Number of protein chains: 2
Amino acid sequence: MMIEKSVSSIELSSIVIDDKFWGNYMELIRNHVIPYQWEALNDRIDGAEKSYCMQNFRRAAGLEEGKFNGCVFQDSDLYKWLEAVAYSLEMHPDGKLEELADGAIDLMEKAQQPDGYLDTLYIIGGLDKKFTNLMDNHELYCMGHMIEAAVAYYNATEKDKLLNIAKRFVQCGMDNIGREEGKIKGYPGHEVLELALVKLYDVTKDGRYIDFAEYLIDQRGKTPLYFKEEIKKNGNNFVWKDSYTQFQYYQAGIPVREQKAAEGHAVRAVYLYAGMADVAAKTNDETLLAACEELWENIVKKQMYVTGGIGSTEYGEAFTFDYDLPNDTIYAETCASIGLIFFAKRMFEITKDARYVHVMERALYNGVISGMSLDGKRFFYVNPLEVDPEACEKDHNKKHVKPERQKWFGCACCPPNVARLLSSIGNYAYEQDCNRLYINLFIGGHIKTELEGSPVDLKVKTEYPWNGQVRITHNLSSSYELAIRIPDWCDDYSLTIGGKDVKYELEKGYAVIRKDFSAGECIVLDMSLPTKLIAANPRVREDIGKIAVQRGPVVYCLEQVDNGPLLQSLYLDSKAEFEVKFEKDLLGGLMF
Amino acid sequence: MMIEKSVSSIELSSIVIDDKFWGNYMELIRNHVIPYQWEALNDRIDGAEKSYCMQNFRRAAGLEEGKFNGCVFQDSDLYKWLEAVAYSLEMHPDGKLEELADGAIDLMEKAQQPDGYLDTLYIIGGLDKKFTNLMDNHELYCMGHMIEAAVAYYNATEKDKLLNIAKRFVQCGMDNIGREEGKIKGYPGHEVLELALVKLYDVTKDGRYIDFAEYLIDQRGKTPLYFKEEIKKNGNNFVWKDSYTQFQYYQAGIPVREQKAAEGHAVRAVYLYAGMADVAAKTNDETLLAACEELWENIVKKQMYVTGGIGSTEYGEAFTFDYDLPNDTIYAETCASIGLIFFAKRMFEITKDARYVHVMERALYNGVISGMSLDGKRFFYVNPLEVDPEACEKDHNKKHVKPERQKWFGCACCPPNVARLLSSIGNYAYEQDCNRLYINLFIGGHIKTELEGSPVDLKVKTEYPWNGQVRITHNLSSSYELAIRIPDWCDDYSLTIGGKDVKYELEKGYAVIRKDFSAGECIVLDMSLPTKLIAANPRVREDIGKIAVQRGPVVYCLEQVDNGPLLQSLYLDSKAEFEVKFEKDLLGGLMF
């Protein structure tokens with residue numbers, strides 16, 4: 001079998017999101033989260049923990065004296081911010097914002113070393129130690145995020161300064177690390193560089209980036225274990241030596257193709273798997289794709305919460321083992337659900353199978369946006385399914401679980417990650433492949449693209465997820481295949497034009513309409529949204545006797561503020577019927 | 001109200017335990033656990049972690065060179081052993097065992113300093129530091145256990161060498177610590193000395209011991225907090241500074257009379273409460289007794305498992321908060337249930353109320369003997385209600401939970417604690433008060449005592465807990481009140497003599513028979529033992545939809561070895577009837 005990956009996102013500049021539900025979030029990202037994060041990166045927020053991020057860059061650039069501060073991965077906060085800025089600029093040009101970004105990029109350029117090296121931790125702290133702790137010091141992780149920002153910024157602005165900075169840093173990485181003799185036989189302790197290198201290839205078409213990504217993936221977990229050697233050679237501390245996961249915390253205990261279950265730090269894991277899928281597609285590597293499929297199945301069938309949350313334990317922010325899904329000591333980091341979405345997108349693009357997108361939708365509506373308050377000011381890093389406020393305070397095992405969203409952290413991974421995902425949500429909603437347009441997520445908007453040279457221009461209107469009707473109107477006559485995802489929760493739907501059933505075929509979870517669409521023609525997908533009760537696999541100890549309530553893609557949450565105390569003593573009559581009512585002023589939400 | 005404590009145990013030498021269920025355990029303690037522990041204290045067990053206990057004493061005595069090894073409380077292991085030995089000798093004189101014990105006591109005497117000080121940690125490590133870390137270094141804890149051993153050994157053998165060693169050490173403590181000016185205003189970080197001092201008073205009638213115990217209790221938690229001062233003065237590390245419990249880990253955050261809920265390290269807590277009850281009784285301190293009652297109620301109504309286990313979390317081996325009783329991350333240390341039994345015994349002795357003994361019985365049959373295998377070689381320190389073997393290995397929050405009993409630890413608190421409790425079980429089964437004899441636990445045996453000068457001699461025969469019949473035969477004619485506890489689980493019972501109902505009055509949970517008993521007369525208590533389903537208070541989140549199965553005092557455990565995997569998917573039909581069958585070869589147990 002030849003792995004074919006012809007599916008691709010539509011450029012963000014060709015998509016105008018016009019959606020009540022998502023529009024709010026995107027406005028929030030643009031008007032609040034991105035500016036707020038800039039203030040945070042510059043330590044200008046009263047009462048918030050300091051980031052030190054821009055200060056480190058100034059110090060690395062020699063503009064001021066002083067030591068490095070913050071987390072070892074602090075640089076990546078700027079990169080995630082720049083990536084979110086890029087997506088935002090692509091859809092909403094904003095001269096002032098672009099100027100801020102350009103200034104930051106200039107500062108990066110000043111900090112970059114002659115050999116291309118650019119990590120403020122070591123530039124400030126001592127370059128002699130660079131690349132000596134790939135396991136824990138996140139240089140290659142920062143490199144990955146730098147690339148993602150650079151590619152996005154280049155796509156948005158056509159400016160290549162950041163891209164060139166990133167290319168030089170990657171070159172420096174490739175000069176020092178790789179399969180060739182004399183080079184460090186390492187790979188990142190925190191993955192993301194793998195998928196980033198594929199993005200870099202996509203804009204540069206420089207095959208060395210694919211080679212390097214392939215090396216990083218193949219080398220990972222090979223005997224002798226690089227991290228073990230690094231520990232020995234440099235006397236690095238090995239935090240996980242008493243943990244059963246050992247080097248699988250980093251997904252680096254055995255070769256990736258032999259990894260049958262998702263293990264270790266959840267964000268790292270899904271970032272790796274996404275990169276593996278990317279590399280498999282580029283190199284036509286079937287064993288690597290098979291590994292991705294096996295890991296995917298393991299996650300979604302045995303290690304994922306009903307919310308699309310992953311990572312069952314705070315210890316290592318990690319996967320634990322099959323069917324271990326405690327609701328109260330859960331981790332389910334917002335970033336991990338975002339990473340799962342990255343993985344899902346790539347698996348869909350390779351397989352054109354909606355089952356990956358079903359999970360993407362579940363994670364997006366439940367495991368990701370749960371992470372941010374509706375005013376964009378407070379965040380859940382951990383997204384629990386059961387919270388007892390008293391336990392959060394008094395039970396050491398639950399101290400990571402917060403009953404209310406928190407303010408921005410000093411080293412806050414999740415908010416910028418939410419920002420970059422939501423500002424590029426159009427890339428997840430719509431994709432194209434030859435003569436086919438995929439509608440993966442039901443998000444209102446205006447999409448213009450070309451399919452095999454012919455223009456397609458359509459408008460999507462919907463009040464999803466509260467209402468199951470999606471209206472797709474063509475502004476131009478065009479002949480192509482429209483593939484509309486039918487969600488896995490949907491048992492009852494119709495597809496009509498002008499009230500009449502339209503002909504379609506079901507393919508891998510999509511209703512595919514092959515037709516000459518005429519200008520003005522409106523296709524109406526009407527999904528009924530019954531309230532459903534979902535039970536976990538009985539192997540999940542913690543869910544015996546419990547059910548989740550889901551309507552459309554949304555899993556509902558029962559809160560004490562609405563229902564009084566002792567939530568655990570409430571029970572649902574299995575014969576009871578749900579009543580749905582719309583509360584205009586209550587988060588614009590539908591309550592039952 | 002005057003607190004009257006006239007109830008007292010019957011001397012062990014006057015009790016012969018002759019009971020199928022408990023006899024086995026006691027034989028095990030005598031023939032296996034006590035000799036095994038002696039080997040352990042002497043580091044003569046292959047493959048076991050070293051204790052270093054006797055080595056430390058030899059080094060402290062100047063018989064060999066070298067540093068202190070083991071836990072800071074290692075001395076107490078010898079004392080617990082000596083206490084168990086004493087109880088054993090009292091019932092079963094054994095010249096060889098007594099010789100071993102005498103040798104150890106001689107060694108202690110050699111190690112004791114001219115001022116009476118005797119803690120090997122500081123004798124070896126530097127006496128200039130003695131009494132500078134009362135918070136964590138367990139000197140006063142060791143002193144407490146030394147006293148308990150000394151009193152038991154004196155009672156058993158009438159030899160006073162150990163008692164004198166203990167008195168000298170206490171004198172040294174009182175010379176250095178106390179309310180008088182110039183003395184250290186401290187108290188033990190790990191309680192037990194309080195109740196031990198009352199035992200010391202009971203054999204010496206020296207009121208200064210009660211004064212000292214009273215001081216320790218009154219001073220505890222007073223502002224300025226002694227432990228805070230100690231940290232400041234000596235630069236001691238404060239492990240719990242990030243915990244919400246803070247100094248309440250030691251029950252020392254506020255004065256004991258203001259403590260409304262059991263908090264902190266569970267063993268320390270119940271040892272303290274037992275000591276508080278003792279001091280309240282001796283000093284007629286009603287506010288202190290009221291505090292004990294409030295703490296007792298808090299524990300048994302809100303913080304105790306159905307097994308009599310206490311301590312909901314491994315973090316600090318501690319109580320957490322009301323109704324927080326997770327089954328799988330539980331701690332429920334064997335020692336904590338033993339401590340609860342100590343507390344219960346004292347509260348019964350003061351109040352003569354069976355409700356304390358009901359809890360004692362629950363803890364004894366379920367939270368204590370669960371801690372030791374039937375061959376006495378393996379131990380549970382943690383007694384969980386739900387165990388998933390895979391989780392014990394892979395879930396950091398459950399790594400303290402063991403699916404099978406473990407071998408002896410290097411610093412093993414629980415096994416010697418089980419040994420000293422079970423070797424003195426007669427003291428818990430039978431108590432007396434003026435003209436009344438209490439039968440608190442149904443344990444077969446032969447009891448001889450005097451009530452107000454008149455001899456009482458009776459034999460108890462029973463197959464409890466498997467059978468609900470208890471036969472009490474008088475060997476002598478005697479006129480007294482026989483108070484037989486009617487367990488809280490028992491709804492249906494009869495009390496007969498020669499098949500005829502006997503007249504009794506119910507008083508505080510006891511059937512009290514006031515009668516001239518004639519020699520040969522046999523009173524038969526017949527309790528029906530239905531299998532009962534017990535549900536937790538619905539405030540206990542983790543027990544929603546779950547029930548416990550109890551028959552008599554025994555809470556049953558469902559195991560994978562008998563029932564196959566996926567225990568969580570089994571359910572009980574609420575209308576189903578239980579069938580009880582006796583499996584002779586299976587632990588001598590009754591199965592349903």
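Reader: Where is Pro224(B) found, and what makes the peptide bond before Pro224(B) cis?

Author: In this predicted model, Pro224(B) is found in the loop between helix 9 (207-219) and helix 10 (226-234) of chain B. The peptide bond that runs from Thr223(B) to Pro224(B) has omega near -10° and is cis. A second cis peptide bond leads from Tyr464(B) to Pro465(B), with omega near 10°, and Pro465(B) is found in the loop between strand 8 (454-462) and strand 9 (469-474) of chain B.

Reader: Why is Tyr52(A) called partly exposed, and what is the phi of Tyr52(A)?

Author: The relative accessible area of Tyr52(A) is 24%, and a residue counts as buried under 20% and as exposed over 50%, so Tyr52(A), at 24%, is partly exposed. Tyr52(A) has a positive phi of about 70° although it is not a glycine, and its place is in the loop between helix 1 (20-41) and helix 2 (53-60) of chain A.

Reader: What makes Gln251(A) buried or exposed?

Author: Gln251(A) has a relative accessible area of 0%, and since the cut-off for buried is under 20%, Gln251(A) is therefore buried. Gln251(A) lies in the loop between helix 10 (226-234) and helix 11 (266-283) of chain A, and Gln251(A) has a positive phi, of about 55°, although it is not a glycine.

Reader: How do you know that Cys53(A) is too far from the closest cysteine sulfur for a bond?

Author: The closest cysteine sulfur to that of Cys53(A) belongs to Cys142(A), at 8.9 Å, whereas a disulfide requires sulfur atoms within 2.5 Å, so the two are too far apart for a bond. In chain B, the sulfur of Cys53(B) is 8.9 Å from its closest cysteine sulfur, that of Cys142(B), which is also too far for a bond. A search of the whole structure finds zero disulfides over all chains.

Reader: Why is Cys53(A) called buried?

Author: Cys53(A) has 0% relative accessibility, and buried means under 20%, so Cys53(A) counts as buried. Cys53(B) is buried as well, with a relative accessible area of 0%.

Reader: What makes the relation between chain A and chain B that of a two-fold axis?

Author: Chain A is superposed on chain B by a rotation of 180° with 0.0 Å of shift along the axis, at an RMSD of 0.0 Å, and that is why the relation is the one of a two-fold axis. The same surface serves both copies, in that 100% of the contact residues of chain A recur in chain B.

Reader: How many residues does the contact take from each chain, and what is the area buried between them?

Author: The contact takes 28 residues from chain A and 28 residues from chain B. The area buried between the two chains is about 2700 Å², and carbon and sulfur atoms give 55% of it. In chain A, the residues that lose the most area to chain B are Phe321(A), Arg541(A) and Gln568(A), which together account for 28% of what that side buries.

Reader: Why are strand 1 and strand 13 of chain B said to stand at the edges?

Author: The open sheet of chain B has six strands in the order 1-5-6-10-14-13, with mixed pairing. Strand 1 (8-9) and strand 13 (505-507) of chain B each have a single partner strand, so one side of each is left without a neighbour in the sheet.

Reader: How do you know that strand 6 and strand 10 of chain B pair, and in which sense?

Author: Two bridges at least are needed for strands to pair, and strand 6 (residues 436-439) and strand 10 (residues 478-485) of chain B share four, in the parallel sense. Ile439(B) stands opposite Ile484(B) in strand 10 of chain B.

Reader: Which strands of chain B does helix 13 of chain B touch, and what lies beneath helix 14 of chain B?

Author: Helix 13 (residues 334-351) of chain B packs on the sheet and touches strand 1, strand 5 (430-433), strand 6 and strand 14 (510-517) of chain B, its direction making about 25° with that of strand 5 of chain B. Helix 14 (residues 354-368) of chain B lies across strand 10 and strand 14 of chain B, at about 60° to strand 10 of chain B.

Note on methods: Residues are numbered from 1 along each chain as its sequence is written. Chains are lettered from A and ligands numbered from 1 in the order in which they are written. This is a predicted model: local features need pLDDT of at least 70, side-chain atom pairs count only at pLDDT 80 or more; totals for chains, interfaces and linings use all residues. Side-chain values use heavy atoms; hydrogens and water are left out. Copies are superposed by least squares on the C-alpha atoms of residues with pLDDT of at least 70 in both. Contact means heavy atoms within 4.5 Å. Buried means under 20% relative accessible area, exposed over 50%, partly exposed in between (1.4 Å probe, protein chains only). Buried area is the accessible area (1.4 Å probe) that two parts lose on being put together, summed over both. Helices (H or I, at least four residues) and strands (E, at least two) are DSSP runs, numbered from the N terminus. Axes are lines fitted to C-alpha atoms, for helices over the stretch in contact, and angles run from 0 to 180 degrees between N-to-C directions.
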